[in-house]
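Visitor: Please show me the model, and then explain how its descriptive terms are justified.

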Amino acid sequence: MKILILGAGQVGASVAATLAREDDDITLVDTDANSLHKLQDHYDIRTIQGLASHPAVLERAGAADADLVLAVTNSDETNMVACQICHTLYNTPTKIARIRAPEYLTKPELFNNEAIAIDVLISPEQLVTDYIERLISHPNALQVLDFADGLVQLVAVRAFHGGPLVGNPLRELRKHIPKTETRVAAIFRNGKAILPEAETVIEADDEVFFIAASKDIRSVMAELRRLEKPYKRIMLAGGGNIGIRLARALENDYQIKIIEANSDRADYLSEELSKSIVLLGDVANEELLLEEEIDKVDLFCALTNDDEANILSAMLAKRLGARKVLSLINRAAYVDLVESGTIDIALSP
């Protein structure tokens with residue numbers, strides 16, 4: 001398959017690296033020559049330097065016979081124009097675009113072959129927001145994935161001493177909750193995967209992945225650990241695209257405080273959010289966190305665009321007494337590193 005990727009940022013580079021291993025014919029377009037050279041040195045891909053929305057650049061990149069165009073630059077408008085040009089000039093079969101702004105995403109009628117020709121929209125920010133919402137609805141979970149439109153979920157939970165199933169073989173699970181259909185899909189012990197079988201004994205600190213109907217998740221969790229109280233007070237560090245989306249989604253059901261360092265953005269947040277408290281300040285300011293009673297916060301979410309600020313502020317919040325901390329981390333290499341320490345949950349878009 002001939003694939004044209006527009007944008008060599010984190011998303012574009014990750015996709016190019018994955019698809020290059022599958023023997024696809026990959027061409028990557030970006031304005032940054034250094035990013036292109038680094039990727040070309042590591043992978044068998046073709047690179048073109050130039051603006052992804054220019055017809056001449058797309059023509060040089062081989063858009064005329066591309067099977068798929070993936071537009072993931074950091075500009076929504078560039079992605080939309082590039083897909084439209086590929087449709088109009090080359091009738092490209094499949095066009096996928098990354099769209100970040102909620103103002104576009106709330107108008108799905110804009111995206112069809114009669115308007116802006118995009119077949120599939122992706123929004124990493126919305127995916128992260130939805131993911132965090134699911135984690136908030138299940139305070140004991142490390143990961144939550146939806147299936148069948150949310151009717152079924154795959155959940156990862158760490159087993160603790162005191163859980164009824166801990167120290168017992170998996171076959172006992174059906175005896176403990178006979179009216180609940182569930183299946184353990186995977187177990188990780190000391191970072192290594194274990195094949196779950198009927199005689200497999202669950203040990204404390206195992207990461208257990210199970211699948212069940214959404215309505216039964218809590219009853220299965222209760223077999224593996226003592227259930228935590230639901231979250232009430234949530235503090236969001238960073239009022240960017242993810243911060244404001246999450247605040248909007250949560251403010252009717254939780255007590256939300258959001259910290260934003262940029263005064264203009266803080267003013268915007270205060271106008272857009274109806275129930276959330278917006279604080280102007282540094283997310284890693286110890287004095288500010290103490291003033292806002294960080295020790296009474298159930299969940300601290302570090303959601304800025306700066307990995308280091310997220311890691312440091314989450315570690316500080318945990319040290320000052322926050323019940324649980326979550327950090328958004330863009331560098332995938334950092335995720336496993338920090339999740340094994342002070343930070344409870346690390347997420348990578």
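**Cavities and helix contacts**

Visitor: How do the residues lining the largest cavity divide into nonpolar, polar and charged?

Guide: There are seven nonpolar, no polar and one charged. The lining consists of L165, L173, V184, V208, F210, V220, E223 and L224. Ala, Val, Leu, Ile, Met, Phe, Trp, Tyr, Cys and Pro count as nonpolar, Asp, Glu, Lys and Arg as charged, and the others, Gly among them, as polar. E223 is therefore the charged residue of this lining.

Visitor: How do you know which residues to include?

Guide: This is a predicted model, in which local features need pLDDT of at least 70 and side-chain atom pairs pLDDT 80 or more, while totals for chains, interfaces and linings use all residues. Residues are numbered from 1 along each chain as its sequence is written, and side-chain values use heavy atoms, without hydrogens and water.

Visitor: What makes a space a cavity?

Guide: On a 1 Å grid over the protein atoms alone, a 1.4 Å probe must fit at a set of points but be unable to get out; lining residues have an atom within 4 Å of a point. The structure holds two cavities of 30 Å³ or more. About 40 Å³ lies in the largest and about 30 Å³ in the second largest, a volume being the space filled by probe spheres set on the points.

Visitor: Which residues line the second largest cavity?

Guide: They are L135, I136, H138, P139, A141, Y231, L299, K324, L326 and I345. Two elements, α6 (124–137) and β16 (324–328), each give two or more residues to this lining. It divides into eight nonpolar, one polar and one charged.

Visitor: How do α9 and α10 lie against each other?

Guide: The axes of α9 (residues 241–250) and α10 (residues 263–272), as lines fitted to C-alpha atoms, come within 11 Å and cross at roughly 20°.

Visitor: Why is α9 called roughly parallel to α10?

Guide: Angles under 35 degrees count as roughly parallel, and roughly 20° is such an angle, so the term applies. The contact, meaning heavy atoms within 4.5 Å, is made by N241, I244 and R248 of α9 and R265, Y268, L269 and E272 of α10.

Visitor: At what angle do α6 and α9 cross?

Guide: Their axes come within 9 Å and cross at roughly 45°.

Visitor: What makes α6 oblique to α9?

Guide: Oblique covers what is left after angles under 35 degrees, over 145, and from 65 to 115. Roughly 45° falls in none of these, so α6 is oblique to α9. This contact divides into seven nonpolar, three polar and three charged residues.

Key:
On a 1 Å grid over the protein atoms alone, a cavity is a set of points where a 1.4 Å probe fits but cannot get out, and a pocket is an open set with protein on both sides within 12 Å along at least five of seven lines; lining residues have an atom within 4 Å of a point. Helices (H or I, at least four residues) and strands (E, at least two) are DSSP runs, numbered from the N terminus. Axes are lines fitted to C-alpha atoms, for helices over the stretch in contact, and angles run from 0 to 180 degrees between N-to-C directions.
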